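User: Hey, I'm new to this one. Can you pull it up and walk me through a few spots?

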Amino acid sequence: MIDKKVLYKLTHGMYVLTTKDAGCFVDAVSQVSGGDSPLLAVAVMKKNNTNISMHNNDRFAISIFGKKDDSELIKTYGFNSSRDYDKFANSHVIEVSGTKVVDTTLGYIVLEKIDSIENDTHTVFIGKVLETHMNNADDEPMSYNYYQAHKDEVLKPVKTENGKLAWVCTICGYIEYNYDELPADYTCPVCGVGVDFFEKRSV
């Protein structure tokens with residue numbers, strides 16, 4: 001038996017992953033080698049539009065989200081899809097080495113994609129570090145566990161539309177309006193969790 005709640009106890013960070021035309025929040029980022037050309041791995045859900053963009057581009061960036069950083073970035077890059085929302089227009093981005101970078105976080109890393117590994121739900125992309133920049137060395141990286149423990153404080157109350165029944169994901173804050181009752185096989189389109197992690201709210 002696999003209890004997914006145990007997996008959520010693994011330590012992860014909070015990162016904004018960007019390419020030249022898409023971006024999303026991710027938590028599964030790891031340095032997998034050192035030396036003069038360090039390698040990083042990042043897992044991206046296949047349902048995310050950013051996954052398609054990662055396949056189509058050779059460069060990408062990872063912006064490290066700190067405890068002092070603007071929580072609006074979580075809403076912009078975590079609760080919306082690049083398919084129908086211009087995330088770059090609602091955040092400060094620059095172009096570095098051929099890719100877009102959110103440059104208002106603790107720091108960022110620009111990478112060249114060198115490999116990828118496919119899984120049922122995610123693609124793991126391997127990148128070689130090309131460039132790094134530190135914006136605020138005094139800030140602390142926000143861990144995923146910290147975000148979960150302080151989500152209400154970090155995000156402020158999740159606002160739903162008056163008069164509408166809403167299902168709110170307790171993991172990432174995504175709001176689903178299209179169902180009176182969520183189907184048993186429903187999964188969050190942002191973070192991938194099932195119906196057990198949704199709360200019904202009505203205003």
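Analyst: Sure, one term up front: buried means under 20% relative accessible area, exposed means over 50%, and partly exposed is in between (1.4 Å probe, protein chains only). This is a predicted model, where local features need pLDDT of at least 70, side-chain atom pairs count only at pLDDT 80 or more, and totals for chains, interfaces and linings use all residues. Residues are numbered from 1 along each chain as its sequence is written, and side-chain values use heavy atoms, with hydrogens and water left out.

User: OK, start with E181. Is E181 buried or exposed?

Analyst: E181 counts as exposed, because its relative accessibility is 52%.

User: And where does E181 lie?

Analyst: In the loop between β11 (175–176) and β12 (198–202). Helices (H or I, at least four residues) and strands (E, at least two) are DSSP runs, numbered from the N terminus.

User: What does E181 touch?

Analyst: Leaving out residues up to four places away in sequence, E181 touches W167 and K200; contact here means heavy atoms within 4.5 Å. With K200 there's also a side-chain to side-chain polar contact, at 2.8 Å. A polar contact is a pair of N or O atoms within 3.5 Å; within protein, one must be able to donate a hydrogen and the other to accept it, and residues adjacent in sequence count only if both atoms are side-chain atoms.

User: How far apart are E181 and V195 in space?

Analyst: 9.7 Å, C-alpha to C-alpha, and they're 14 residues apart in sequence.

User: Switching over to T123. Where's the place of T123?

Analyst: T123 is in strand β9, which covers residues 122–134. T123 is buried, since its relative accessible area is 0%.

User: Which side chain does the side chain of T123 make a polar contact with?

Analyst: That of N51, at 3.1 Å. N51 is also one of the residues that T123 touches beyond four places in sequence, and that list includes V42, H55 and E118 as well.

User: What about G127, which strand is that in?

Analyst: G127 sits in strand β9 too. G127 counts as buried, because its relative accessibility is 0%. Not counting residues up to four places away in sequence, G127 touches P38, L39, L40, F60, L111, E112, K113 and I114. By C-alpha atoms, G127 and H12 are separated by 18 Å, with their positions 115 residues apart along the chain.

User: Next, T105. Buried or exposed?

Analyst: Buried, as T105 has a relative accessible area of 2%. T105 is in the loop between β7 (99–102) and β8 (107–118). A polar atom of the T105 side chain lies 3.2 Å from the backbone oxygen of I64. Among the contacts of T105 beyond four places in sequence are F65, D69 and N135.

User: Bigger picture now: how many residues does the largest nonpolar core have?

Analyst: 25, and M14, F25, I74, Y147, C169 and F198 have the most contacts inside it. The elements giving two or more residues to this core are α3 (72–78), α4 (144–149) and β10 (165–169). The largest share, 3 residues, comes from α3. A second, separate core of 15 residues includes C24, V44, F60 and L111. A nonpolar core is a set of buried Ala, Val, Leu, Ile, Met, Phe, Trp, Tyr and Cys residues joined through side-chain atoms within 4.5 Å.

User: How many disulfides does the structure hold?

Analyst: It holds 0 disulfides, a disulfide being a pair of cysteine sulfur atoms within 2.5 Å. C169 counts as buried because its relative accessibility is 2%, and C188 is buried at 0%.
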